[in-house]
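Me: I'd like to go through this model with you and ask what lies behind each label. Could you set the values against the cut-offs as we go?

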Amino acid sequence: MALCGHASLATTSLLYTVYGNTNNEIRYNTKSGIVVASRKGDAFALDFPQNLGLPLDEPTRSDLHPLLEECNAIFGAEKIVDVVYALGTRNLLIRLQDDVDLANFPVEPSRFSAVYDNSVKTVKLNGIIVTVKGSPKKGPENGEKEYDFISRYFGPWIGVPEDYVCGSAHTTLAPYWSALLGRTAKHARQVSQRPGDLLLDILPAGRMVLAGNCTLILKAQLSL
């Protein structure tokens, strides 16, 4: 995998909190190039490349036709506002109308898998990002925090029916929503069964910063 937000954020958290790393920055050499990590208070920040989503060209749209039809059936063709493809992460981004309650929208990932052999392998698709514009009503229950956008991510072809919080998806979501809003989209929430908040910033030269918190859930020692 060219870029994995989970692995990058978890490794950064361990190096700082468990192993006591005192460097201001940690640099990772990845298949997506150099990724710089740092600590920002209680959060951990990653300097990632942006992965822009582009409109589907006709050959790609034709190859994806069975999957796009299934998306129309799941979300409703009238609810789909835009569809773009991010070549860098091989993700399809689908934006729905602002009034869609994405957090409670019923989606069965196996329905995407059902059309895998017919279309997905042709364009080497990793997953599907589904997103809507944020609002206070789509934030926490207390309504005190407003998100610029919210999202969900489905990757049944890579063994992830629905990802909890996907960092690489936000390398497409952040520039996409920043362009739509006319300003940097800074606050995002992925509304999976185990949701999470992300802080974002757009940088020059096609870079961006993604920051979030980590929770250590397991610590063990392996003896060989």
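**Strands, core and pockets**

Reply: Gladly. Asparagine 91 stands opposite glycine 127 in β7. Please keep in mind that this is a predicted model.

Me: What makes β6 and β7 a pair of strands, and in which sense do they run, parallel or antiparallel?

Reply: Pairing takes at least two bridges between two strands. β6 and β7 (residues 127-133) have five bridges, in the parallel sense, so they meet the cut-off of at least two. Besides the position at asparagine 91, leucine 93 stands opposite isoleucine 129 in β7.

Me: How do you know that β6 also pairs with β5?

Reply: By the bridges again: β5 (residues 80-86) and β6 are joined over six, in the antiparallel sense. Valine 84 is the residue opposite leucine 93 there. The two strands form a hairpin with four residues between them, and in the turn arginine 90 has a positive phi of about 55°.

Me: Which sense do β7 and β8 take?

Reply: β7 and β8 run antiparallel, with six bridges joining them. One bridge partner to look at is phenylalanine 149 in β8, which goes with lysine 133.

Me: Why is β6 called largely enclosed?

Reply: Buried means under 20% relative accessible area. Six of the six residues of β6 (residues 91-96) are buried, so the strand is largely enclosed by the rest of the structure. In a regular strand the side chains alternate between the two faces of the sheet. Here both faces are covered, with Asn91, Leu93 and Arg95 buried on one side and Leu92, Ile94 and Leu96 buried on the other. Strand β7 is mostly covered, with six of its seven residues buried.

Me: What makes a group of residues a nonpolar core, and which residues have the most contacts inside the largest one?

Reply: The members must be buried residues of the nonpolar kinds, joined through side-chain atoms within 4.5 Å. The largest such core has 29 residues, and those with the most contacts inside it are Leu67, Phe75, Leu92, Leu96, Phe112, Leu125 and Ile128. Two or more residues each come from α3 (65-75), β5, β6, β7 and β8 (149-155). α3 gives the largest share, five residues.

Me: How do you know that cysteine 71 is in no disulfide?

Reply: The two sulfur atoms would have to be within 2.5 Å. For cysteine 71, the nearest cysteine sulfur belongs to cysteine 166 and is 16 Å away, so against the 2.5 Å cut-off there is no disulfide. A search of the whole structure finds zero disulfides.

Me: Why do cysteine 71 and cysteine 166 count as buried?

Reply: Because the cut-off is under 20%: cysteine 71 has 1% relative accessibility, and cysteine 166 has a relative accessible area of 5%.

Me: How much space lies in the largest pocket, and what lines it?

Reply: About 790 Å³ of space lies in the largest pocket. It is lined by 26 residues, and the closest to its centre are Leu9, Arg194, Asn213, Cys214 and Thr215. By class, the lining has 15 nonpolar, nine polar and two charged residues. Its largest share, seven residues, comes from α1.

Me: And how much space lies in the second largest pocket?

Reply: That one holds about 290 Å³. Of its 18 lining residues, Met1, Leu3, Asn126, Ile158 and Ser168 are the closest to the centre. The lining divides into eight nonpolar, eight polar and two charged residues.

Methods
Residues numbered from 1 in each chain as written. Predicted model: local features only at pLDDT ≥ 70, side-chain atom pairs only at ≥ 80, totals over all residues. Heavy atoms only, no water. 1 Å grid on protein atoms, 1.4 Å probe; cavity = no way out; pocket = protein on both sides within 12 Å on 5 of 7 lines; lining within 4 Å. Points joined across faces, edges and corners; volume = space filled by probe spheres on them. Nonpolar A, V, L, I, M, F, W, Y, C, P; charged D, E, K, R; others polar. Buried < 20%, exposed > 50% of the residue type's maximum accessible area, 1.4 Å probe, protein only.
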